[in-house]
There are 2 protein chains.
Amino acid sequence: MKMIPDAVVPLERCEVECVEPEKAASVRERLPGEAVSQELAETFRVLADAGRVRLILALLEGGELCVCDLAAVTGLSQTACSHNLRLLRAGRIVRYRRSGRNVFYTLDDAHIRLLLDVGLQHLGHEGPRRSTGNRND
Amino acid sequence: MKMIPDAVVPLERCEVECVEPEKAASVRERLPGEAVSQELAETFRVLADAGRVRLILALLEGGELCVCDLAAVTGLSQTACSHNLRLLRAGRIVRYRRSGRNVFYTLDDAHIRLLLDVGLQHLGHEGPRRSTGNRND
């Protein structure tokens with residue numbers, strides 16, 4: 001990852017081997033399987049894009065929004081919106097419903113709101129203000 | 001992202017333009033700035049790797065662990081551990097202390113535990129069981 005030059009953040013490791021086999025075995029047996037780590041990493045990978053984060057933040061703020069509104073809100077093109085929304089759908093992060101000739105998106109579950117909120121708190125930012133999705137609030 | 005074939009998850013978009021300008025403006029003005037979306041995406045990018053997820057899960061389980069123990073627990077080489085721990089440090093996800101010739105890592109803040117727990121819940125898995133980091137618990 002290019003953002004972290006080697007010289008700035010040096011490797012830090014044990015200079016002498018100091019494994020505590022009992023502790024290591026105890027921790028290892030309580031870890032979820034490798035498939036779970038892989039699946040979790042995939043979820044974070046879907047979130048690891050500023051455009052997709054922006055779409056999710058827009059849905060956190062606006063409740064249900066159609067693709068046209070999502071494009072207007074995020075500044076992304078409709079094509080970029082549709083592409084990223086597809087990735088978010090595949091990651092079960094958003095869902096959609098079709099109404100006539102329009103498509104409306106919402107967040108798939110409450111976990112996503114929490115994921116973003118916690119991420120923002122970690123970075124020292126406030127989470128988005130709560131809204132009802134009503135255009136007047 | 002290769003995991004999502006185009007044929008399986010089609011693009012879904014509005015067939016007719018239906019922007020609600022007031023709603024879009026209202027949502028847009030409440031969104032965090034683009035720099036925040038970028039920063040949040042970077043945090044998720046650091047988490048978007050199965051090896052790094054495994055290191056974090058090990059620290060969630062084991063409390064403070066040295067690099068040798070982290071390698072034994074995760075099955076990663078010490079070099080891979082050190083490399084990934086450096087990326088996690090740069091993302092303020094773990095921190096370390098040096099003790100003699102060994103280096104011990106812990107999670108940087110409680111948000112990370114929550115991020116992983118919420119991610120696991122989103123995927124329908126239980127979070128790791130809580131432990132005190134004591135080798136006997």
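Modeller: In this predicted model, copies are superposed by least squares on the C-alpha atoms of residues with pLDDT of at least 70 in both.

Colleague: Which relation holds between chain A and chain B?

Modeller: Two copies of a chain are related by a rotation about an axis and a shift along it. Here a turn of 180° with a shift of 0.0 Å along the axis lays chain A on chain B, at an RMSD of 0.0 Å. The relation is therefore that of a two-fold axis.

Colleague: What percentage of the contact residues of chain A recur in chain B?

Modeller: The contact takes 75 residues from chain A and 75 residues from chain B. The same surface serves both copies. The share of chain A contact residues that recur in chain B is 99%.

Colleague: Which element gives the largest share of the side of chain A that touches chain B?

Modeller: Elements giving two or more residues to this side include α1 (21-30), α2 (34-47), α5 (78-90) and β3 (102-107) of chain A. The largest share is 12 residues. These 12 residues come from α2(A).

Colleague: How many residues on the side of chain A that touches chain B are charged?

Modeller: That side divides into three classes of residue. The nonpolar residues number 38 and the polar ones 14. The charged residues number 23.

Colleague: How are α3(B) and α4(B) set to each other: roughly parallel or roughly perpendicular?

Modeller: Two packed helices are described by the angle between their axes and the distance between the axes. The axes of α3 (residues 50-62) and α4 (residues 67-74) of chain B come within 10 Å and cross at roughly 110°. Angles of 65 to 115 degrees count as roughly perpendicular. The two helices, α3(B) and α4(B), are therefore roughly perpendicular.

Colleague: Which residues of α4(B) meet α3(B)?

Modeller: α3(B) passes α4(B) in a right-handed crossing. From α3(B) the contact takes B:G51, B:R54, B:L55, B:A58 and B:G62. The residues of this contact divide into 4 nonpolar, 3 polar and 1 charged. On the α4(B) side they are B:L70, B:V73 and B:T74.

Colleague: Over which residues of chain A is the pLDDT below 50?

Modeller: Chain A has a mean pLDDT of 85, and 84% of its residues reach 70 or more. Among its elements, mean pLDDT runs from a lowest value of 89 in α6 (residues 110-122) to a highest of 96 in α3 (residues 50-62). Where pLDDT is low, the predicted coordinates should not be read in detail. In chain A the pLDDT is below 50 over residues 130-137.

Colleague: What ipTM does the model score?

Modeller: Two scores are given for the model as a whole. The pTM is 0.82, and the ipTM is 0.82.

Notes
Residues are numbered from 1 along each chain as its sequence is written. Chains are lettered from A and ligands numbered from 1 in the order in which they are written. This is a predicted model: local features need pLDDT of at least 70, side-chain atom pairs count only at pLDDT 80 or more; totals for chains, interfaces and linings use all residues. Axes are lines fitted to C-alpha atoms, for helices over the stretch in contact, and angles run from 0 to 180 degrees between N-to-C directions. Helices (H or I, at least four residues) and strands (E, at least two) are DSSP runs, numbered from the N terminus. Angles under 35 degrees count as roughly parallel, over 145 as roughly antiparallel, 65 to 115 as roughly perpendicular and the rest as oblique. A crossing is left-handed if the near helix is turned anticlockwise from the far one by less than a right angle, and right-handed if clockwise. Two residues are in contact if their C-beta atoms, placed from the backbone, lie within 7 Å. Ala, Val, Leu, Ile, Met, Phe, Trp, Tyr, Cys and Pro count as nonpolar, Asp, Glu, Lys and Arg as charged, and the others, Gly among them, as polar. pLDDT is the predictor's confidence in each residue, from 0 to 100.
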